[in-house]
Amino acid sequence: MGPVCAKLWIVVTNLADLIDRSADEFPASVAIVDGDRKATYAGLDDHVSALALGMLAQGLEPGDRVGLFLGNTYEFVVAFFAVLRAGAIAVPLNTSLTATEIEHVIRSTEPRLLITDNNYSDRLDTANLAQCRVLSARSAPWEKLLKASTAETSFPTVDPESAAVLLFTSGSSGEPRAAILSHRALLANVHALLSLEHPPAITAKDTSIAVLPLFHVYSLNSILVCGLAAGATVVLCPRFDPDTTLAAIRKHKVSVVAGAPPMYVAWSAVPGLREAFGKARLVLSGAAPLAPALFDEFHTMTGKPVWEGYGLTECAPVVSTTLVSGVPKAGSVGRPLPNVEVKIVPERQERPGITIDGLDDANESEPGEIWVRGPSLFSGYWPNGADGPDGQGWFGTGDVGYIDADGDLTLVDRRSDLVIVSGFNVYPREVERAIEQHPNVAECAVFGVPHPYSGEAVKAVVALRPDTELATAELVQFCEERLARFKCPTIVEFRAELPHGPTGKIAKDSLRTT
């Protein structure tokens with residue numbers, strides 16, 4: 001463990017203090033690049049403190065929730081750390097949410113303040129925000145707050161076990177739920193990543209790029225927070241476009257590239273790939289499984305191996321990575337991070353009330369559910385911490401995998417019905433509920449099917465009411481008015497009737513094979 005990493009772990013209890021520590025050590029170094037704008041660590045730290053003080057002066061209290069409806073911008077970075085420095089709880093929102101979905105977040109978390117910008121005013125103007133006040137980034141009130149003096153100020157003391165971030169995920173109920181990530185959990189994951197040395201995940205000499213949206217835990221903690229904790233430069237990209245992102249990698253001499261499989265698929269089709277990745281020290285992939293063929297193809301095209309990892313929102317997020325063993329390996333997501341334990345629980349041994357600690361003799365080379373234990377685990381789901389780790393600290397991920405002969409984790413499948421589209425969770429029941437609102441629909445079934453670009457695509461099989469008609473385009477548009485685009489079905493099949501099991505439940509397994 002390096003001395004900087006050890007110092008961070010001993011001293012820091014609030015995730016936002018990482019910015020203060022890096023500003024002390026690297027004040028003049030560039031922390032954030034956002035288009036033509038650059039911010040040093042000293043400048044970023046001043047803006048974070050100014051905004052935090054401004055929010056406190058306007059009545060924000062420790063424990064209050066603050067929504068962040070912003071893209072990958074400098075304003076997101078400032079707002080995120082300012083909320084935490086003020087002792088409040090950040091609630092990043094997926095920027096593709098519809099007005100209806102925004103209202104669900106507002107009802108669930110009751111934020112006192114929502115920070116956004118003009119890019120999303122169309123949906124916010126039609127959403128019921130209840131008592132939530134809106135602060136527009138880069139507006140006159142925002143700029144006034146950032147210019148406030150921060151001399152001789154103090155901020156609330158934060159318990160590391162208190163909630164820092166609420167991130168919405170599908171959970172186990174089918175309804176989007178907010179996972180409670182404490183300062184302790186997020187710091188533990190950053191600490192574990194920074195402790196890796198052969199090779200290091202990120203250093204102060206690196207420049208990384210944040211292409212994945214910052215409302216996603218992978219981009220938020222593993223790329224942004226981890227990079228800033230190390231004193232690196234983080235280049236923000238507003239959206240993924242193969243040509244523009246490769247141009248940014250080339251222009252800024254990016255040395256650590258972190259992405260998801262669909263990005264590597266798209267990049268592989270762009271000329272000049274090897275030259276663009278010429279300065280890359282590490283090429284990382286997460287959020288969804290990377291096909292072994294893509295692993296080999298990208299290595300051949302660039303001369304750079306892809307280091308794959310596995311994680312989930314509830315684990316803040318990284319569970320394992322090939323960086324731990326120091327050996328990139330096709331089809332493998334590596335070994336658990338330091339202080340993280342992984343156990344494979346075979347199907348034959350899963351039963352209510354089982355004690356995971358009693359499975360030490362289980363054959364983990366057999367596929368089974370992946371269970372995780374460690375300091376980076378979440379504290380359950382908002383608001384009461386339900387369905388978190390069990391009494392022994394273990395959390396069942398719902399993913400299926402096995403430990404191979406080298407001791408590396410390999411993913412097989414998911415036990416749940418979750419569909420993962422470009423790294424984002426889609427719960428079929430939520431999509432089914434939206435489709436069933438159409439008056440012509442009698443019943444439907446939604447599930448994931450393999451897709452070469454996004455990993456999986458959402459497929460809907462629909463039975464219509466007698467004497468009615470419905471075109472695919474009309475149904476997709478109907479869904480887009482109620483769901484974020486990534487949740488909407490891209491494949492629709494109409495059938496006269498759907499198969500059912502003995503209990504009357506739609507037999508999805510039959511639909512998947514026919």
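**Chatting through a predicted model**

User: Hi! Which strands form a hairpin here, and how many residues lie between them?

Analyst: Hello! In this predicted model, a hairpin is formed by strand 22 and strand 23, with three residues between them.

User: How many bridges join those two, and which way do they run?

Analyst: Strand 22 (residues 441–451) and strand 23 (residues 455–464) run antiparallel and are joined by 10 bridges. For one spot to look at, find Gly 448, which stands opposite Val 458 in strand 23.

User: Cool. New topic: what order do the strands of the open sheet have?

Analyst: That sheet has nine strands in the order 2-1-10-9-11-12-13-14-15, and the pairing is mixed. Strand 2 (37–40) and strand 15 (335–336) are at the edges; each has a single partner strand, so one side of each is left without a neighbour in the sheet.

User: What joins strand 15 to strand 14?

Analyst: Two bridges, with the strands running antiparallel. Ser 320 stands opposite Pro 336 there.

User: And which strands does helix 3 lie across?

Analyst: Helix 3 (residues 41–57) lies across strand 1 and strand 2, at about 85° to strand 2. Helix 4 (residues 74–85) lies across strand 1, strand 2 and strand 10, at about 135° to strand 1.

User: Switching again: how much space lies in the second largest pocket?

Analyst: About 1300 Å³. It is lined by 45 residues, and the closest to its centre are Thr 95, Ser 96, Pro 213, Phe 215 and Arg 239.

User: Which element gives the most to that lining?

Analyst: Strand 23, from our hairpin, gives the most, with three residues. The lining as a whole divides into 23 nonpolar, 12 polar and 10 charged residues.

How values were computed
Residues are numbered from 1 along each chain as its sequence is written. This is a predicted model: local features need pLDDT of at least 70, side-chain atom pairs count only at pLDDT 80 or more; totals for chains, interfaces and linings use all residues. Side-chain values use heavy atoms; hydrogens and water are left out. Two strands pair if DSSP finds at least two bridges between them. Helices (H or I, at least four residues) and strands (E, at least two) are DSSP runs, numbered from the N terminus. Contact means heavy atoms within 4.5 Å. Axes are lines fitted to C-alpha atoms, for helices over the stretch in contact, and angles run from 0 to 180 degrees between N-to-C directions. On a 1 Å grid over the protein atoms alone, a cavity is a set of points where a 1.4 Å probe fits but cannot get out, and a pocket is an open set with protein on both sides within 12 Å along at least five of seven lines; lining residues have an atom within 4 Å of a point. Grid points are joined across faces, edges and corners, and a volume is the space filled by probe spheres set on the points. Ala, Val, Leu, Ile, Met, Phe, Trp, Tyr, Cys and Pro count as nonpolar, Asp, Glu, Lys and Arg as charged, and the others, Gly among them, as polar.
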